[in-house]
Amino acid sequence: MTLPLPTARELDPRQTLVPEAWRGAIEPQLEPDEQVLCWLELDLDQRLRFSRGLLVLTHRRLLAWTGDPARWQAWPIAPPRALVLHDHAGAASLELVEEGVRLDNWRFTLGGNPSATRLVHRFEALRDGRAEPAPSERELASCERCGAEIPSGSEECPQCEAEVAVPPSTWTLLRLWRFARPYKGQLLIGFLLTLAATAATLVPPYLTMPLMDKVLIPYQNGTPI
């Protein structure tokens, strides 16, 4: 006899929010009654090289894995602690601080920024004692683009809508300098040639001005040439 496959509501509610590739790794780290609230998949190490990692927030603590399968770190959610999110030049970092002292930090590309923002908000809600419904008590829906949760009754992702509503700043072009720095010599030559080409376009008008002022305009006015 073939047993039916479990549906989304029949799965363990502790695992429904965790990506399928990570469920086998996170399950042994959870206590029997521990609930997963949100997660953040890391893709950079401390040297900004591509490396896989995972941050998982439960209703009790913050779990982190950054490379070694046997080395999971856990921090209880306590009032002095806070998560601080930074981003610079296409990379973001999430810091766990306590009374001005940094306990740990994790890095990722800006594609994970919506999930990181959601994790920070959940962490602050738990730290401040603001109750939120457990994952098993509400209908879960996630955005296919950013992974953020979509509120019940809404068809659009609030995180993606916020990103579209904010116009991009021209200062973001300065972030490209770190990639263009090895080619600064070629860029300088190109800039000088652009100025020279612009100056060359101003030469023909000065050559035709004597012809217009001393020949064509006087002849049009009846002056013998």
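## Three residues and a surface patch

Tyr219 belongs to helix 6, which covers residues 203–220; helices here are DSSP runs of H or I with at least four residues, strands are E runs of at least two, and both are numbered from the N terminus. The model is a predicted one, in which local features need pLDDT of at least 70 and side-chain atom pairs count only at pLDDT 80 or more, while totals for chains, interfaces and linings use all residues. Residues are numbered from 1 along each chain as its sequence is written, and side-chain values use heavy atoms, with hydrogens and water left out.

The table gives the element and the relative accessible area of each residue, where buried means under 20%, exposed over 50% and partly exposed in between (1.4 Å probe, protein chains only).

| Residue | Element | Relative accessible area |
|---|---|---|
| Tyr219 | helix 6 (residues 203–220) | 63%, exposed |
| Gly53 | strand 2 (residues 50–58) | 1%, buried |
| Ser93 | strand 6 (residues 91–98) | 8%, buried |

Leaving aside neighbours within four places in sequence, Gly53 is in contact (heavy atoms within 4.5 Å) with Trp22, Leu40, Glu41, Leu42, Trp65 and Thr66. Between Gly53 and Ala64, which are 11 residues apart in sequence, the C-alpha to C-alpha distance is 7.6 Å.

With residues up to four places away in sequence again not counted, Ser93 touches Val84, Leu85 and His86, and also Trp106, Arg107 and Phe108.

Which element holds Ser93? Ser93 lies in strand 6, and Ser93 counts as buried because its relative accessible area is 8%.
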